Amino acid sequence: MERIHILFVQHKLVCGGAEQALFDLIGLLDKTRFEAKIFVQNPGGEWEQKFRDAGIELIYDYSCRQPTWNPIKKLSNLSKKIRTQKAYAGGGGGLLDVCLPHWADIVVSYNVWYHEEMVFGRNAKTVKYVHGDPGTNPDYRNEAENHRELLSRFDRIVCVSNSAWNAFRQLSGLERGVELHYNPMNSENVRRLAEAEADLPGSDLPYICAVGRLSAEKAFERLIVIHKRLLERGIAHRLVIVGDGPDGDFLRRLIRAMGLEDTVIMAGYQPNPYPYMKHSRFLVSSSYTEGLPVIAMEALCLGVPMVTPIDSVGEVFGGETCGLITENTNPTLEEAIARMLTDEEFYRQTVRGAKNRSAYFDGTRMIQEVEAMFEELART
């Protein structure tokens, strides 16, 4: 049987949750039935090599214009350049007709920030992923409310959490083809990588860990402030922040200004964050808004509890007491972290819950429903 060719369109391959989810999704696809490539809108992301090392082909808008001394090919390159510029001027429509030597059966707008018109063309089926919650994220809300005509053109729209699915349908008014699929996770790989050593100083203090891109919506600033307040209350612990991003310098200055150099460890970008997670007492996701944090699934996969103000994480807990979900305010998040550091009986309960829930995150099972969606689309 001929394989189904899927092209994922991604804004930039940076270190982030959506990018990790894409990496796992492609890695878990059955290679005998699917072939996947990625069209990258904005080159230069720090994770591009990670995808190439995994054998995933990356395509850029200039990939079809290779340097050459052949005068005929030079003219072809010039023509492609002009057509590319024209496509961008028209919102992206027709861009993939120029840039792809062979068309795909399915084009997935995975995490597209601009020129989304590019995904339509040549009768390929189209899928759009919604990674954020329109109920709490103003950018996704604006898209759901004000871009309904474009959204209605997709054959499928995938929301990655139940709360995002409900909010998207309500705000967009769209029902047909709007589906819920959790991001499949390569759980075996997560557990294997977690066995490596973490570069952490020896300490008799408990570590709490936060992992993610250092950007405003992830709210690391308030987590550092909460850490300081807990120390002032006599609740001793260390905070480990794993990740890098545009707010990195600001956060390091904040740590110095607050005199926290001895208790906050900025571990920076780590290609393997899982040992840091495994050695922590619990994970904290302090984000103001998320669809469904990939880090929550990874934490429970490792049997590590979680504290977060993101409601959708409750879907990951699945009825088990795997940590605490708070209101999205500093005081409630502070009290939840304090309880996890001081209430030993409750903390042991959350560890049991996380370990019980870890078996749910089986990548082989999770990918099957996504593969079924792709196969159904390809047949129609």
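This text walks through a predicted model, taking a sheet, two nonpolar cores, a pocket and a helix in turn.

The sheet is open and built from six strands, which follow one another in the order S10-S9-S8-S11-S12-S13 with parallel pairing. Its edges are strand S10 (264-268) and strand S13 (323-325); each has a single partner strand, so one side of each is left without a neighbour in the sheet. From one strand to the next, the twist averages 20°. Further in, strand S8 (residues 207-211) pairs with strand S11 (residues 282-284) in the parallel sense, over two bridges. Within this part of the sheet, Cys209 stands opposite Leu283 in S11. Helix H12 (residues 294-301) lies across S8, S11 and strand S12 (306-308), and its direction makes an angle of about 160° with S12.

The next topic is the nonpolar cores. In soluble globular proteins, nonpolar side chains tend to be buried together. The largest nonpolar core here has 34 residues, and Phe8 and Phe374 touch the most other members. Two or more residues each come from strand S1 (4-10), helix H1 (17-28), strand S2 (34-40), strand S4 (106-111), strand S5 (125-130) and helix H16 (363-379). H1 gives the most to this core, namely six residues. Leaving aside residues up to four places away in sequence, Phe374 touches Ile4, Ile6, Phe8, Leu25, Leu29, Phe34, Ile106, Val108 and Val127. A second core, separate from this one, has 33 residues, among them Leu200, Tyr207, Leu283 and Cys301. Leu283 is thus a member of the second core as well as the residue that Cys209 stands opposite in the sheet.

H1 and S2 appear again at the second largest pocket, where they are the elements that give two or more residues to the lining. The space in this pocket is about 220 Å³. Its lining consists of 14 residues, and those nearest its centre are Ile26, Lys31, Ala36, Gly55 and Ile56. S2 supplies the largest share of the lining, with four residues.

The last element is helix H7 (residues 162-172), in which Ala164, Ala167, Phe168, Arg169, Leu171 and Ser172 are buried. An α-helix has 3.6 residues a turn, so residues three or four places apart point the same way. The cover over the buried residues of H7 includes S5, helix H5 (138-146), helix H6 (148-151), strand S6 (156-159) and strand S7 (178-180). S5 also gives residues to the largest core. Just after H7 comes Gly173, with a positive phi of about 75°.

Key. Residues numbered from 1 in each chain as written. Predicted model: local features only at pLDDT ≥ 70, side-chain atom pairs only at ≥ 80, totals over all residues. Heavy atoms only, no water. Pairing = 2+ DSSP bridges. Axes fitted to C-alpha atoms, helices over the stretch in contact; angles between N-to-C directions. Contact = heavy atoms within 4.5 Å. Core = buried A, V, L, I, M, F, W, Y, C linked by side-chain atoms within 4.5 Å. Buried < 20%, exposed > 50% of the residue type's maximum accessible area, 1.4 Å probe, protein only. 1 Å grid on protein atoms, 1.4 Å probe; cavity = no way out; pocket = protein on both sides within 12 Å on 5 of 7 lines; lining within 4 Å. Points joined across faces, edges and corners; volume = space filled by probe spheres on them.
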